[in-house]
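Hi there,

Here is the structure I promised to pass on. Have a look first, and my notes follow below.

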Amino acid sequence: MTSTAARSDTSTSTEGAFEELARAVDAAVTAARALEGHAHTVAENLKEAIEAAHQAALVTIVRRLRADEAGRNALYELVDDPLVRMLLSLHGILRPDPMMETGAVLDTVRPGLQSHGGDVELVRIENGTAYVRLSGACNGCSMSSVTMRNTIEQALIQGVASISSVEVLPSEPSPALIPLESVRRRVESPEEAREAGWVQTAAATEIPDGEISQMRLTDASGQQVEIIVVRIGAGLTAYRNECAHMGLPLDGALLDVTAATLTCPWHGFCFDALSGDCLSAPGAALEQLPLRVDDGHVWIRIGA
């Protein structure tokens, strides 16, 4: 059995070796940049090829580990290690999520706004611009622009590298909700539903609120489809279990019920949990699957 002291010595030794290797890499990069002409071009091409090979290998490792529960648990532990996290980040496999970074910064200024009876909501981020909506005492008052410029804008531009400007959106009335039961089309029989590509899953009451439920469904041809079902309150939404970025699974994603967002655990891409639209990269979206509730059971269409 390895003692605690031995593990500590091993960790210290590993960190020291990594730092030494990092210094050697930095020295090699500096020397390569000093080269001129053809030698410089060859060195840059070699560097890019090595980085591409490393990235491809790391992506393969991540995908293999994600294939089963034991691998996922091991991967989560590895990502918590600062050295592993740094390596994955350097190769673009882990990226900071602008929505999460922005939300964290807004949390630092929110107490000041709330002390004056106001609040701020992050709506979306597009092309380096954070769109926010003010509420409470700040909404519609003559000081709202001053509040935004002096607190929110300054905090976001200084605290989030990807944000260069802030825009305040007008307040919107709450949308009128139409009960799903009044508009959905019922299939006359379970047999007809299955022929149309619908698959009966769990009872609606069995799908936990505020969580992501992973399911493996089988279509009429016998092909299995991995999906996730997101439940926020009474709302149920189904997606293929694939991120719109690199197709990695989303069942381990972070679900923010308050903001109704879904954040990919691999690259930090953030999606609207109800629509599937990507908030980090507008234009991308998760593949949403038709879903309905019949006689208390959730049906999801995966074929036909």
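In which sense do strand E7 and E11 pair, and over how many bridges? Strand E7 (residues 235-240) and E11 pair in the antiparallel sense over 2 bridges; pairing here needs at least two bridges found by DSSP. Strands (E, at least two residues) and helices (H or I, at least four) are DSSP runs numbered from the N terminus. One bridge joins alanine 238 to leucine 289 in E11.

A word on the basis: this is a predicted model, where local features need pLDDT of at least 70, side-chain atom pairs count only at pLDDT 80 or more, and totals for chains, interfaces and linings use all residues. Residues are numbered from 1 along each chain as its sequence is written, and side-chain values use heavy atoms, with hydrogens and water left out.

E7 and E11 belong to an open antiparallel sheet of 4 strands, ordered E5-E6-E7-E11. Its edge strands, E5 (211-218) and E11 (288-289), each pair on one side only.

Now the largest pocket (an open set of points on a 1 Å grid where a 1.4 Å probe fits, with protein on both sides within 12 Å along at least five of seven lines; lining residues have an atom within 4 Å of a point). Among its 38 lining residues, Val257, Thr258, Ala259, Ala260 and Thr261 are the closest to the centre. Helix H5 (98-114) gives the most to this lining, with 7 residues. Domain 2 (98-169) and domain 3 (190-301) both contribute to the lining, so the largest pocket lies between them; the domain bounds come from an automatic or database assignment.

Enjoy exploring!
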